[in-house]
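Subject: Structure handover

Hello,

Here is the structure for your files. My notes on what was found follow below it.

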Amino acid sequence: MKITLNINHLEYPLNLPEGERLLDTLRRLGIFSVKSGGCKKGECGACAVLFDGRPVNSCTLLSAQAEGHLIETVEKVGEHPEQGWKRTEGLHIIQQAFVDTGAIQCGYCTPAMVLVAKALLAKNPSPSEAEVRDALSGVLCRCTGYVKPVQAVMRAAAIMRGEQVHPIDEPIDISGALDFDKETRDGGAPLTSGGGTMTETKILPKLKVLDVHSPMKTVGHAEPKVDAVKLVQGKPAFTADFEKRDMLVAKVFRSPHAHAIIKHIDVSEAEALPGVAAVLTWRDIPRVAYSTAGQSHPIPGPLDTFSLDKKVRFVGDRVAFIAAETAEIAEAALQLIKVEYELLPHILDPRESMAEDAVIIHDEDDYVDFDESDPSRNLAAEIRVDIGDVEQGFAEADQIFEAEFVVPKVQQAHIEPHVVVTYWDEDDRLVIRTSTQVPFHVRRQIAPVLELPIKRIRVIKPRIGGGFGGKQEVLIEDVAAHLTIATGRPVIYEMTREEEFIGARTRHPMRIRLKTGVKQDGTITANEMYCLSDTGAFGCHALTVTGNTGHKAMALYVGDGKYRVAPNIRFYADVVYTNTVPSGAYRGYGVPQGFWPVERHMETIARALGLDPIEFRLKNALRSGELHPFSTAWSEGREPKPETINTIGLVECVNQGRMTIDWDHKYGNVDWHTVPGAKHLRKGIGVAMVMQGTAIPYLDMGGASIKMNDDGSFNLLVGATDLGTGSDTVLGQMAAETLGVPLEDILVYSSDTDFTPFDKGAYASSTTYISGAAVVKAAVKVAVQVRERAALMFGEQGQDVDPTEILLEDRQAIAPMGDAISFGEIALHALHQTDQIQIMAVASHMSPVAPPPFAAQFAEVTVDLDTGMVTVDELVMAVDSGVIINPVTASGQIEGGMTQALGYAVCEEMVYDEKGQPRERDFVDYHIFRADEMPELTTIFVETYEPTHPFGAKAVAEIPLDGVAPAVGNAILDACGVALYKIPALPEEIWRSLTGSTTDREA
Ligand code: FES
Ligand code: FES
């Protein structure tokens, strides 16, 4: 089919296959700003382009339909401000606003958002916030919670109208502001649309500094992300934005059955299809048991997975791999594979997994046990932790409270699907370019699966379009790699959105029983949790995710008085196999599952005893200087070591959060709970307190290397993996602060197993803390060398200067008397002039402690008594994450995290029919929040100074997942008296409870 397309005002004469979609044509032309969210059905909006000025999803249009129309993409919206001798217009105002406001996290949705904003502002120069939200609602973002993208558009609109905008600088400092008034709540004056006014965008969190630390030049400042400019321009930064001659496209044939033996498989017709390069089944590749969990050596779980097997264990399990010249041929070949299955009984309910007569899901001889796994009982892991004397604690209680809670299976839903490219390089080493959180684990774990030594594999991690734990998995690399080995050719494998739902990983669903002993005054005497955790068909992360459920959620409330000194806590868990898509890592890593029951249970107890729910919690909560109760009892299958918690800002978090949401006015106020003129509505307010971890002690390690360039700038190479969180930026800030240069002089690169030092990867909230400490160590070593070189140069000038007295600041080495030598001069001297050396250093860091962040989460809801519909009106989170290295990236983590947690609370759930067929296979059935559906989000940081980190930081990335569901559940209870034990909080559930009807959803 011959057509001519007008793309960005250039004519493209093309000869295209019939029926090709515009998205595929654009990407084939190298217009990589147009992203695929894998849905290809207009659900995610990542592929949006402007079509005669209107945003449309290019995956829903045939290329032929675009002939005669103008197609615009971000490639022609603004350019890099500095392009050598060429003067440029710089970024478009909208792009610059996205950079300045921190609206870009992973950046995968950013080009589409910029185009949508451009179309909106062309039509409506003064949009209201609601209109901006409405316009952005067609582009799903899983990272930001939409707070900063909305503000970016409002800011750009103001600038385009000629208004002044407030500079983005320091966060709102609320130190000592215990009575700050309502006007300061949003972090600035309201936006206006009038001409000539000062406009302030509301992107910065409020910040309260508890432990005063000295002000710094880069750390603590709202530095723009180091990768923001390329991402806002839609540069080819992601795994799939890559061209390679003769690249094949891979597809996976997946099981339609929940549990079956493959009796016979015939791939001859598929192989014979012209354009098919290889079809692989279990007969064609080595059988190697491994774990897909991307974790340190030795893997703390069973080796129960094979690249391809003769048995399938869930609907969506892999049966065969295909590589073909095009995606269309590969799709056609899938239809030609014929499989004869012998169906086996399947298990969908984890309560049936350990029954005497249950079918065994892993009956293979080559299953490799880990510790307490027992495949004969469908048991992937077993945990038994006893701290103190729980039975004695119960005996000393005045009352015992017991309840059972259920949390669902949910999906990470990163907008960039899993995607990998593999090829042999000129040295016949296998290059794996992959969207992964764990490049070094991928290399180590995949080597035996491919029968290649580690040294013959190079893993490159480009930018990642979100991961949230879903990419802490060695899930796709083997598919492309086996096909590259089979064909000798480059292969790309990109999951579809349906594959993400039926064949990737999820959060572990759990059924949790709690039993708590309490004195009449509210002192907890003993606390017990039993957790039945469903790991699905494979045991990846089985032990560690579920262990975390107890390790964090059961650690917060130790009791008071003598119980505080010697708490009584029991945590038992069975992690069982079922015939469902495997569970795995998902941001929060087991802790959100634990805090739903714990915080709902605490609310029940406080109300039953007639105690204030906040005071009851704080009475029993951990305090600074106390031992982490689990640190003496459990450490992910390794030897536990006692750990004292130095910093706990929980009380101040509660103070700040309750003032911000106006708790004291609303809680218990009958009038506030009603809505004038709307008898069917009731308002409610709820709270939850939570803690997380910061890395895994004695295990997580990160490395960093820094070298000085001729102009005095520095390359910072880290194995740490920025998956959109901004970790490259905060690592760069710490290096810049230590070396006395602006952030722009630190060129951050992550990560490539050939060039960057080892890092265990992006998980367990560890990058700022572990990799950051490694960066600072390396920077300190480099700073020593810079000072020594400067002293040498001062000596050549006749000044005898002690290197240790030289100050590094503003790109200069400054002697005590005030004389200065620039870093550029120092670099040239060191590299070219006298006693030449490369100023450089490498360092690594491992921590014996994992200082937890703490937070108070508040929620305000409105419940419709007629329908059971819950509207979450406001979420306020006050967080103690230590010193905040970058308030914009950190608050972005909280906003995005609260939004994911909101989905967990009210709408996200993966359900299976009786045959094990998943109901949710796309973003229509699986709803994630859109820009126009969001409640108001407020982030407050209560800074403490964590003494075990060079800048006092703790983790921030995972804790926002923990408290939203219970705070919303408690707010629903407050609004209408419905006590929920299961999430998501579906309207029918609440309506049935309100009307006394029975529920068909079990609890
Ligand atoms: S809307 Fe086109 S890929 Fe999702
Ligand atoms: S920044 Fe929007 S999907 Fe990541």
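**Aromatic contacts**

There are 11 aromatic pairs in the structure, which is a predicted model. One of them is formed by Y108 and F238, in an edge-to-face arrangement with 5.1 Å between the centres and 90 degrees between the planes. Y108 belongs to the loop between α2 (93-101) and α3, while F238 belongs to the loop between α6 (228-232) and β10, so this pair ties together parts that are 130 residues apart in sequence. Both Y108 and F238 are buried.

A stacked pair is made by F242 and Y423, at 5.8 Å centre to centre and 20 degrees between the planes. This pair also links distant parts of the chain: F242 lies in the loop between α6 and β10, Y423 in strand β18 (residues 419-424), and 181 residues separate them. F242 has a relative accessibility of 19%, which is under the 20% limit, so F242 counts as buried. Y423 is buried as well, with a relative accessible area of 12%.

Y423 has a further partner: the charged end of K244 sits over its ring, 4.1 Å from the centre. A second case of this kind is R287, which lies over the face of F306 at 3.7 Å from the ring centre. Elsewhere, F501, F923 and Y926 are linked into a cluster by ring pairs.

**Two sheets**

An open sheet of 5 strands has the order β2-β1-β5-β3-β4, with mixed pairing. Its edge strands, β2 (10-15) and β4 (54-57), each pair on one side only. Neighbouring strands in this sheet are turned by 40 degrees against each other on average, direction ignored. Strand β1 (residues 2-7) and β2 run antiparallel and are joined by 6 bridges; L5 stands opposite Y12 in β2. Helix α3 (residues 110-123) packs on the sheet and touches β3 (48-51), β4 and β5 (70-72), and its direction makes about 30 degrees with that of β3.

Another open sheet of 5 strands, again with mixed pairing, runs in the order β16-β24-β23-β22-β17. β16 (379-387) and β17 (399-407) stand at the edges with a single partner strand each, so one side of each has no neighbour in the sheet. Here the average turn between neighbouring strands is 10 degrees, direction ignored. Strand β23 (residues 524-536) runs parallel to strand β24 (residues 569-577), and 9 bridges join them. E528 stands opposite R570 in β24.

**Helix α8 and residue T549**

In helix α8 (residues 327-334), the residues A330, A333 and L334 are buried. They cover an arc of only 105 degrees around the axis, and therefore lie on the same side of α8. The cover over the buried residues of α8 includes β10 (248-254), α7 (268-272), β12 (276-280) and β14 (318-324).

T549 is part of helix α13 (residues 542-553). With a relative accessible area of 0%, T549 is buried. Leaving out residues up to four places away in sequence, T549 touches M510, I512, M529, M554, F571, G590, Q593 and G594. Of these contacts, M529 falls within the residue range of β23 and F571 within that of β24. The C-alpha atoms of T549 and E404 are separated by 15 Å, with their positions 145 residues apart along the chain.

Regards

Key. Residues are numbered from 1 along each chain as its sequence is written. Chains are lettered from A and ligands numbered from 1 in the order in which they are written. This is a predicted model: local features need pLDDT of at least 70, side-chain atom pairs count only at pLDDT 80 or more; totals for chains, interfaces and linings use all residues. Side-chain values use heavy atoms; hydrogens and water are left out. Two strands pair if DSSP finds at least two bridges between them. Helices (H or I, at least four residues) and strands (E, at least two) are DSSP runs, numbered from the N terminus. Axes are lines fitted to C-alpha atoms, for helices over the stretch in contact, and angles run from 0 to 180 degrees between N-to-C directions. Buried means under 20% relative accessible area, exposed over 50%, partly exposed in between (1.4 Å probe, protein chains only). The arc is that of the directions from the helix axis to the C-beta atoms. Contact means heavy atoms within 4.5 Å. Rings of Phe, Tyr and Trp (its six-membered ring) pair if their centres lie within 6.5 Å; planes under 30 degrees apart count as stacked, over 60 as edge-to-face and the rest as tilted. A charge sits over a ring if NZ of Lys or CZ of Arg is within 6 Å of the ring centre and within 35 degrees of the ring normal.
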